[in-house]
Amino acid sequence: MELPPGFFYTLGLVPYFTIPSVLVFYSFRLLQAYQPVAALIPTWAIVIVAIIARPVFFYVGWYYKVWQDRRTAAANGAVLAPHIKESAFEIIPELISSNSTGYPGGMIYRWSRIHGYTYQLSLITSSTVVTMEPDHIKAILATQFDSFDKGSTFISQMTSLLGTGVFNADGEMWKFHRAMTRPFFTRERISDFDIYDRNCDLSIKAAKQRLKEGYTVDFQDLVSRFTLDSASEFLFGNNVGSLLAGIPYPPSASKRADEYHTHPSTIFTKAFSAGQLKSVERIGLGKDWPLAELWKDHVKPFRKVIDDFTEPLMKAALEKRERDMREKEKNPELDDEEDVTLLTHLVRHTQDQKIIKDELVNLMVAGRDTTMCLLTFSMYMLTQHPDIEKRLRQEIFDKVGPNGRPTYDQMREMRYLRAFLNDSLLFVCIRFRGSAALSTCVRSYLHIHTSFIKLTTVDDTLLGRTSNKDVLLPTKRAGQPPLFVPAGTSILDMQRRTDLWGPDALIFDPDRFLDERLHKYLTPNPFIFTPFNAGPRICLGQQFAYHEATFYLVRLLQNFKHFTLDYATNSPPPADWAQGEGLKKTEKVYLLAHLTMYIKDGLWVNMEELNAN
């Protein structure tokens, strides 16, 4: 029987707490034996001193480290990030409450207005630096990439779900996964478009059927099924078939989709989502997360459901590889078959079943949730901007036609559609980056998947990084000394600065990627906004995700018009959000995050079927 994570963690705490107390106790007893004065110390006093030995050692060590960091920073002509005034005992309760009701990023913005674009917060046993300086972000992502890891705490939190996959690895294991997987993503395949086409048609038919019944559609659920089916077909060559299970009815509807609950894919999709939610709960608990799982691993049962789906497919692929190798030995002139799925590609590079399974699960999380997040927020923007809907449809009709299937070349020509996706990414990034920061400030945090400067797949979902050595982060601002980041410090970054983006930074406007603002704000500072990340961890599947999202939006706008929110069904944001600033003030949906950003209880929309003629 496999022991729960809390068992080993608790076992490791025993020497941590007992050794200082034992040393102090027996040191005093030795003094009592050989020093007459020490013999006057009562035993009860020795016991008290022994009990408080660990806390005393902890605080002495903490303050010594602070003093040492200040000296090291000064010796290098650098500065430490200023500490916020709130103590850990004030920050932690606010972090916990913000996960369920707080506005994503609200605390981070509030502190930035007080302490500037770079500051530090301490959470009892750890320190986290928040920076909004492009030069710092560039260093973390690219120029000083090797000085930052995801860190052992984050990796331990995600191991039950992600294993040793590319999004949960550092060092040589991460390089191995990248080298093994990258070649498969460098080719443009017509078969990818066939996958989009099949699953897109199913989702559009499901939406039309529900609308004909007089009900609104949960668009978030719809595209999560589309992206999951597309990802599973792309990765495994075997479609999960979640779209065949049907889509949900609004809670107010008397009718229910019974086939949804009984369909085999439902078990898989529920486990897939629950595993992510349980994993993220660990992040909020910091490095002491195993204490919440003393009796069992809360994530493993969900990963087992996923493995039950992937293992037969993986074994079949390995067996096929063996057969192909035997045929090749008999007839060396046979040409190698092209890898149709990522699974067939992976088995050519390794036969380690755990590595293959972990990699597939990692990429499936990215393949479903990142594009689902982007498409959901794209729909939200369409409901808020009818003029943009008309402009997008006009470009689609001009380039593709009212019924055509988009090609690679046509996608490249639809510049406004790409700008629309970029600005939707930007707004998704703002929200997720904030909520991810709130839920994981205790430690470096997971991507799984977006930041204020990028949206990625899990590979760098969070630009939450932990320094693996003392680092100096440079800045080009005149008279500004470099920032000293001690080893073991978590780094979070987020930004929506008007001095970098322009005075209209908080306004949704795709044209910022097409007009003079592109060259005034974005091109001179490429690390302000780099969709799907930048640097060595650049998203492997960025083109797949862009193509998938573009394809879906083209087909959506060819089939529907007049997108509006179903206010009676959507969960409204908390009332106090209306008292906020910028985006918070105008928010019409309730935003939350697990490994990616999502809308609480779905995005229920109404839309009219479009007669393209």
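This talk walks through one small sheet, the helices around it, and a few contacts elsewhere in a predicted model.

I will start with the sheet. Three strands make it up, in the order 4-12-9, and the sheet is open, with antiparallel pairing. On the edges sit strand 4, residues 217-218, and strand 9, residues 560-565; each of these pairs on one side only. As a general reminder, strands of a sheet pair through backbone hydrogen bonds, either parallel or antiparallel.

Now the pairings themselves. Strand 9 is joined to strand 12, residues 604-609, by 4 bridges, and the two run antiparallel. If you want positions to look for, Thr564 has Asn606 of strand 12 as its bridge partner, and Lys561 stands opposite Glu608 in strand 12. On the other side, strand 4 and strand 12 are joined by 2 bridges and also run antiparallel. There, Val217 has Val605 of strand 12 as its bridge partner.

Which helix packs on the sheet, touching strand 9 and strand 12? That is helix 15, residues 353-384, and its direction makes about 90° with that of strand 9. Helix 21, residues 542-559, lies across strand 9 and strand 12 as well, running at about 100° to strand 9.

Helix 15 has another partner, helix 10, residues 219-236. Helix 10 and helix 15 pack at about 145°, and their axes are 8 Å apart. Their crossing is right-handed. From helix 10, the contact includes Phe219, Val223, Phe226, Leu228 and Phe236; from helix 15, the residues include Leu360, Met364, Gly367, Arg368 and Met379. What classes of residue make up this contact of helix 10 with helix 15? There are 13 nonpolar, 6 polar and 1 charged.

Next, the other side of the story for helix 10, which is helix 9, residues 190-212. The axes of helix 9 and helix 10 come within 9 Å and cross at roughly 150°. Angles over 145 degrees count as roughly antiparallel, so helix 9 is roughly antiparallel to helix 10. This crossing is right-handed too. In helix 9, the residues that meet helix 10 include Asp192, Ile195, Tyr196, Arg198 and Cys200. In helix 10, Leu222, Phe226, Asp229 and Glu233 are among the residues they meet. By class, the contact of helix 9 with helix 10 has 8 nonpolar, 3 polar and 4 charged residues. Note that Phe226 is listed in the contact with helix 9 and in the contact with helix 15.

Moving on to helix 7, residues 152-162, and helix 13, residues 300-330: their axes come within 8 Å and cross at roughly 40°. That angle makes helix 7 oblique to helix 13. Ser160, Leu161 and Leu162 of helix 7 make the contact with Lys300, Arg303 and Ile306 of helix 13. Sorted by class, these are 3 nonpolar, 1 polar and 2 charged residues.

Last, aromatic pairs. How many does a search of the whole structure find? The search finds 22. One of them is Phe145 with Trp174, a tilted pair at 5.4 Å centre to centre, with 45° between the planes. Phe145 lies in the loop between helix 6, 134-143, and strand 3, 148-149, while Trp174 is in helix 8, residues 171-185, so the pair ties together parts that are 29 residues apart in sequence.

Methods:
Residues are numbered from 1 along each chain as its sequence is written. This is a predicted model: local features need pLDDT of at least 70, side-chain atom pairs count only at pLDDT 80 or more; totals for chains, interfaces and linings use all residues. Side-chain values use heavy atoms; hydrogens and water are left out. Two strands pair if DSSP finds at least two bridges between them. Contact means heavy atoms within 4.5 Å. Axes are lines fitted to C-alpha atoms, for helices over the stretch in contact, and angles run from 0 to 180 degrees between N-to-C directions. Angles under 35 degrees count as roughly parallel, over 145 as roughly antiparallel, 65 to 115 as roughly perpendicular and the rest as oblique. A crossing is left-handed if the near helix is turned anticlockwise from the far one by less than a right angle, and right-handed if clockwise. Ala, Val, Leu, Ile, Met, Phe, Trp, Tyr, Cys and Pro count as nonpolar, Asp, Glu, Lys and Arg as charged, and the others, Gly among them, as polar. Rings of Phe, Tyr and Trp (its six-membered ring) pair if their centres lie within 6.5 Å; planes under 30 degrees apart count as stacked, over 60 as edge-to-face and the rest as tilted.
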